[in-house]
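Let's take a walk through this protein together, from the overall fold to the core and then out to the surface. Please keep the viewer open as you read.

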Amino acid sequence: MSAAVKEEPIVAAEPAAASTGGVAGGLTGGIVWPLLSGAIGLGLWEGFVRLFKVPIFILPAPSQIFVTIIDQAGFLLTQLAITVLAAFIGLVIAVLFGLAAGAAVTMSRLVDRMLTPWLVIAHAVPKVVIAPLFLVWFGFGLQSEVFFVVAFTFFPVIVNTVTGLKSADPEQVLMVRAMGATPGQILRKIQFPSALASICAGIKLAVTLAPVGAVVGEFVASNQGLGHLLIRAVGDMDTPLAFAAVTVFSIFGVLVWRLAEWGERRVLPWHPSQRDNPGRAM
């Protein structure tokens with residue numbers, strides 16, 4: 001007689017538990033671990049400064065920087081607002097011109113051949129090297145800062161725009177062209193939707209570079225803003241104020257990056273890049 005084989009029922013995992021674990025893991029990874037890492041780093045910094053009695057003009061302790069931020073909060077926010085204004089204006093100009101130039105390069109082979117070498121040359125020139133020329137060409141003040149931002153942010157936008165537009169399905173392009181579609185219709189209906197993810201990546205990179213361009217412009221062509229404040233504080237050996245300016249700028253940079261990520265998720269909720277990677281290690 002053959003023994004009967006008893007099959008064990010397969011019990012599916014509880015989806016609610018998996019979902020709860022995923023949310024808890026996301027909260028831990030997104031909030032708890034970064035805060036813990038920051039606290040450990042600041043604690044080591046504070047202990048190093050106090051243990052070795054480092055002079056404040058060389059390296060202030062985090063507690064001293066925090067006190068400076070509280071005392072100078074109004075002044076720091078005023079200077080930050082000036083930097084943000086220049087970054088915003090320059091970013092808008094760079095995005096508009098980058099999208100237009102990218103579309104022109106994609107639609108016309110002649111424009112591609114004539115414009116691309118100049119774009120490569122312009123990008124290869126270090127922006128800091130031409131800073132004095134910007135001061136001569138555009139004068140002292142906000143206009144120079146805006147052009148610095150454009151110089152920093154234009155290239156990522158146009159490169160990602162061209163890459164995305166040229167990545168459209170060639171069979172779809174040939175099919176709609178055979179059906180009588182104009183180059184403008186092909187751009188709007190086929191190429192632009194397929195390039196949206198690449199364009200958003202370029203704009204997100206430009207958003208993070210825009211404040212950097214504004215600060216660099218303030219180094220040489222402005223008497224206000226966080227960049228000018230940083231230069232003045234270093235010249236006066238007011239290191240806590242310099243670190244306070246850097247801290248405010250860093251916090252603003254993180255917020256801008258998060259805002260760019262939020263905007264990308266709103267524009268591309270369907271894209272694979274917006275999904276969690278199940279194979280990634282904890």
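One definition will help before we start: a patch here is made of residues with over 30% relative accessible area and no salt bridge, and nonpolar side chains are joined into one patch within 5 Å. Keep in mind, too, that you are looking at a predicted model.

Start with the overall fold. The protein has ten helices and zero strands, so the pattern along the sequence reads α-α-α-α-α-α-α-α-α-α. Among contacts between residues at least 6 apart in sequence, 72% join residues at least 24 apart. Of the 282 residues, 33% are buried. The accessible surface comes to about 17,800 Å², and carbon and sulfur atoms account for 71% of that area.

Now look inside. In soluble globular proteins, nonpolar side chains tend to be buried together. The largest nonpolar core here has 24 residues, and L76, L91, L226 and L229 have the most contacts inside it. Two or more residues of this core come from each of α3, α6 (142-166), α8 (183-221), α9 (226-235) and α10 (239-267). The largest share, eight residues, belongs to α10. To see one of the well-connected members at work, pick L91: leaving aside residues up to four places away in sequence, L91 touches V149, T153, A206, V207 and A210. There is also a second, separate core of nine residues, with A94, A101, F154 and V162 among them.

Next, which residues of helix α2 (residues 62-71) are buried? They are P62, I65 and T68. These three lie on the same side of α2, because they cover an arc of only 120° around the axis. An α-helix has 3.6 residues a turn, so residues three or four places apart point the same way. Turn to the face of α2 directed away from the buried side, and you will find the exposed residues F66, I70 and D71.

Finally, come out to the surface. L85, F88, I89, V92, I93, L96, F97 and L142 make a nonpolar patch of about 710 Å². Helix α3 (residues 73-107) gives the largest share of this patch, seven residues. Why can V92, a residue of helix α3, count towards a surface patch? V92 is partly exposed, with a relative accessible area of 34%, and therefore passes the patch cut-off of over 30%. Helix α3 thus appears twice on our walk: as a contributor to the largest core and as the main source of the nonpolar patch.

How values were computed:
Residues numbered from 1 in each chain as written. Predicted model: local features only at pLDDT ≥ 70, side-chain atom pairs only at ≥ 80, totals over all residues. Heavy atoms only, no water. Patch = residues over 30% accessible without salt bridge, like charges linked within 9 Å, V, L, I, M, F, W, Y side chains within 5 Å. Areas by Shrake-Rupley, 256 points an atom, 1.4 Å probe, with all protein chains shown as cover. Salt bridge = Lys/Arg side-chain N within 4 Å of Asp/Glu carboxyl O. Helix = DSSP H or I, 4+ residues; strand = E, 2+ residues; numbered from the N terminus. Buried < 20%, exposed > 50% of the residue type's maximum accessible area, 1.4 Å probe, protein only. Contact = heavy atoms within 4.5 Å. Core = buried A, V, L, I, M, F, W, Y, C linked by side-chain atoms within 4.5 Å. Arc of directions from axis to C-beta.
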